[in-house]
Amino acid sequence: MFDDIKLSRPDLAIDPVHDDRHILPENPFGRESIPYTIVLPEEGIAAFTYTWVNKAGEAGAAMAIFGPGIDKPIQQRLADRPVDKDMNFGNWQIENFQMRQDLKFKNASVRWETEDAVIDFTFEALHPPYAYGSHKDGCPGYTAVNRIEQSGRTKGYIKLADREITFDTFAHRDHSWGTRVWEAFQTYNWYEGQSADGNTIVHYWRYFAMGQENLRGYVVKDGVMAELTDIQTKVEFDDGLWHKRVTTLLTDELGRQTRVEAEFYAHYALPPSEHCVLREGAAKATYDGQEGPGWMEVYWQNSYLEFYNKNGFPK
């Protein structure tokens with residue numbers, strides 16, 4: 001399917017060299033990272049793997065399997081440690097975590113084995129990667145030099161103590177390289193999802209930073225990937241500011257509109273720094289009425305959540 005997808009304009013294409021490791025900027029925030037997300041609503045679980053490396057050549061990783069389908073989250077974090085400067089993403093390994101990308105933005109495999117679980121899957125890209133740098137305003141410098149988003153088909157299994165779950169479904173990955181200043185954001189919603197018929201794939205990142213609202217993202221529909229130009233969205237939160245539902249209408253540069261409705265069934269908190277938290281949510285969703293999985297990450301500053309949880313806001 002990858003090679004059958006057309007781009008709405010030629011400059012949406014990005015060189016496959018960027019599927020590999022990069023030389024990072026000379027600053028304390030220089031880093032590179034790659035997560036993969038998998039949504040299995042029929043099992044009541046979701047999972048992600050996440051790896052990163054900084055300018056000093058220190059790398060780490062995190063993994064979580066979570067949701068109402070298991071008693072408690074299964075998680076592991078591998079702390080930063082020096083890695084070989086010549087180790088690339090074609091064969092990336094930190095202890096019991098391994099990620100192999102074909103360095104062509106097409107195929108990959110991931111395996112992570114812990115005492116409590118094993119997750120093992122392949123990834124086959126459904127469309128060319130979308131790069132934030134292709135936007136007319138570029139990729140924001142406090143986020144990365146550049147960053148790609150890409151959905152794919154995944155096959156694999158999750159092995160728990162009492163069961164083995166095989167899956168053949170969708171997955172999503174991103175890859176950012178450059179500078180990441182987590183504290184630059186005020187809040188954001190990062191969403192990705194796919195319809196089960198494979199016709200519609202969505203990603204959007206609506207973020208607020210330095211008093212400005214910004215939008216990046218794309219829709220793949222009817223065989224064409226096009227960049228987003230407008231978003232109308234409403235997120236419903238519970239009393240703890242965890243996202244419950246979202247309704248979004250996207251408009252892309254071809255004038256197409258895509259409606260997304262999602263209800264979140266599994267949540268997980270991932271703190272990337274001492275000042276903020278990423279609240280992950282896996283969802284059952286629809287895309288123009290067609291069912292499919294979804295994932296939304298909501299960024300909050302800790303001070304905001306602490307004030308809210310202590311005082312609340314009048315309604």
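This passage describes the nonpolar cores, a buried aspartate and a surface patch of a predicted model. Local features need pLDDT of at least 70 and side-chain atom pairs count only at pLDDT 80 or more, whereas totals for chains, interfaces and linings use all residues. Residues are numbered from 1 along each chain as its sequence is written, and side-chain values use heavy atoms, with hydrogens and water left out.

The interior is a good place to begin. The largest nonpolar core (buried Ala, Val, Leu, Ile, Met, Phe, Trp, Tyr and Cys residues joined through side-chain atoms within 4.5 Å; buried means under 20% relative accessible area, with a 1.4 Å probe and protein chains only) has 38 residues, of which F48, F66, Y188 and W295 touch the most other members. Strands (DSSP runs of E, at least two residues) that each supply at least two residues of this core include β3 (45–54), β4 (58–66) and β20 (290–301). Beyond four places in sequence, F66 is in contact (heavy atoms within 4.5 Å) with residues including F48, P73, Y268 and W295.

Attention now turns to an acidic residue. D174, in strand β12 (residues 164–179), is buried, with a relative accessible area of 6%. Its side chain makes a polar contact with the side chain of R147 at 3.1 Å (N or O atoms within 3.5 Å, one able to donate a hydrogen and the other to accept it; residues adjacent in sequence count only if both atoms are side-chain atoms).

At the surface, F307 belongs to helix α1 (residues 302–311), a helix being a DSSP run of H or I with at least four residues. F307 is partly exposed (from 20% to 50%), with a relative accessible area of 49%.
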